[in-house]
Amino acid sequence: LELFPSGREGAGETNLLQVMDLTLTPMGGRLLRRWMAFPLQDLEQIQGRTQAVSAFLLDQDLRHDLRQSLRACGDLERLVSKVSLRKINPREVLHLARTLVTTATIKEKISASQAALLAHLCALLDPLTPLQNRILHTLEDEPALALNKGKSPLWL
């Protein structure tokens, strides 16, 4: 069993990534791929990750709610990279703000978890509320694809 697709077209082979990848977002898929390519070696980190997985297995409501929230998320990594390259359009900026709103919901949902890794991740998760508010109050609900189109200027 290969870990990743071989890259040969028509090979028709099953690999471990295909079997394990039940991620809901492109970010989750990339993270799973990184974790498979570079597995943990530190026992404490492995136990922390196992504890986090156990928390989701034991709390079905949390798992369900989190999956619903993740379905609403945009590809935050891709959107942020477009911001840094100044290649983001108004619709993507609005999608970024809506994804930040969803991160606040995710943070709230995992904040009650007893798993140390989830508590640590919760502390790191910043929904950037002032930024999301500014975007949501600046852009119209259906902004144009280009800055020079539509009614609302983008003054960020």
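Colleague: How many helices and how many strands does the protein chain have?
Modeller: This is a predicted model, and its protein chain has eight helices and zero strands.

Colleague: What makes the protein chain more spread out than a compact globule?
Modeller: Its radius of gyration is 19 Å, and the globule rule gives 15 Å for 156 residues. The value is well over the rule, so the chain counts as more spread out than a compact globule. Along the principal axes, the C-alpha trace spans about 55 × 45 × 25 Å.

Colleague: Why is α2 called roughly perpendicular to α5?
Modeller: Helix α2 (residues 26–37) and helix α5 (residues 76–84) pack at an angle of about 100 degrees. Angles of 65 to 115 degrees count as roughly perpendicular, and therefore the pair gets that label. The axes are 8 Å apart.

Colleague: Which residues make the contact of α2 with α5?
Modeller: Met27, Arg30 and Arg34 come from α2, while Leu76, Glu77 and Arg78 come from α5. By class, two of these residues are nonpolar, none is polar and four are charged.

Colleague: What makes Ala52, Phe56 and Cys122 part of a nonpolar core?
Modeller: Such a core joins buried residues of the nonpolar kinds through side-chain atoms within 4.5 Å. These three are among the eleven residues of the largest one, which also includes Leu62, Leu66 and Ile106. Helices α3, α4, α6 and α7 each supply at least two residues, and α3 gives the most, with three.

Colleague: Which residues does Cys122 touch, leaving out those up to four places away in sequence?
Modeller: Cys122 touches Lys107, Ile110 and Ser111.

Note on methods:
Residues numbered from 1 in each chain as written. Predicted model: local features only at pLDDT ≥ 70, side-chain atom pairs only at ≥ 80, totals over all residues. Heavy atoms only, no water. Buried < 20%, exposed > 50% of the residue type's maximum accessible area, 1.4 Å probe, protein only. Helix = DSSP H or I, 4+ residues; strand = E, 2+ residues; numbered from the N terminus. Contact = heavy atoms within 4.5 Å. Axes fitted to C-alpha atoms, helices over the stretch in contact; angles between N-to-C directions. Nonpolar A, V, L, I, M, F, W, Y, C, P; charged D, E, K, R; others polar. Rg over C-alpha atoms; globule rule 2.2 N^0.38 Å.
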